[in-house]
Amino acid sequence: DDTFNITPVAGVDILAEGDEPGASDILNYTAQAVGDVDLNLGTSTVSQVGFGDVIYAGIGTISLDATDSELDVTATDGDDTVVITRAPSRAAIWQA
């Protein structure tokens, strides 16, 4: 079981690569105070305007804290199951 706690950095792309079993690996993403956040399931990336991308693989759960930002989620062309829960802190928790 792997857990990645990531806050994006300007100009730096980050790779978060989970291990088997992938369903138990977690990516905790805390957005910076400015800039919209995009979660793209097709490209396996989390990006925020003005900061480097987070590219992920083997991750079962993504927890996004985008409290001060707009969050956009792009699914794949396949059959996706996406659950977004608004947490008390206004964070979004994504799980497939």
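In this predicted model, the side chains of strand 3, which covers residues 26-30, alternate along its length: L27 and Y29 are buried and point to one face, whereas I26, N28 and T30 point to the other face and are not buried. Such a pattern fits a general rule, namely that in a regular strand the side chains alternate between the two faces of the sheet.

Strand 3 is paired with two other strands, strand 1 and strand 7. With strand 1, formed by residues 3-6, the pairing is parallel and extends over four bridges, and within it the buried residue L27 is the bridge partner of F4. Strand 7, formed by residues 61-65, also runs parallel to strand 3 and is joined to it by five bridges; here T30, which is not buried, has D65 as its bridge partner.

These strands belong to a chain that has ten strands and zero helices, so that its pattern, read along the sequence, is β-β-β-β-β-β-β-β-β-β. Of the contacts in the chain with a separation of 6 or more, 54% are accounted for by residues 24 or more positions apart. Buried residues make up 31% of the 96 residues, and the accessible surface of the chain comes to about 5,400 Å², 48% of which belongs to carbon and sulfur atoms.

On the surface, V73, V82 and I84 make a nonpolar patch of about 210 Å². One of these residues, V73, lies in strand 8, which comprises residues 71-74. V73 can be counted in the patch because its relative accessible area is 32%, which makes it partly exposed, and patch residues need over 30%.

Conventions
Residues are numbered from 1 along each chain as its sequence is written. This is a predicted model: local features need pLDDT of at least 70, side-chain atom pairs count only at pLDDT 80 or more; totals for chains, interfaces and linings use all residues. Side-chain values use heavy atoms; hydrogens and water are left out. Patches are made of residues with over 30% relative accessible area and no salt bridge: like charges are joined within 9 Å, nonpolar side chains (Val, Leu, Ile, Met, Phe, Trp, Tyr) within 5 Å. Accessible areas come from the Shrake-Rupley method with a 1.4 Å probe; for residues, only the protein chains shown count as cover. A salt bridge is a side-chain nitrogen of Lys or Arg within 4 Å of a carboxyl oxygen of Asp or Glu. Buried means under 20% relative accessible area, exposed over 50%, partly exposed in between (1.4 Å probe, protein chains only). Contact means heavy atoms within 4.5 Å. Two strands pair if DSSP finds at least two bridges between them.
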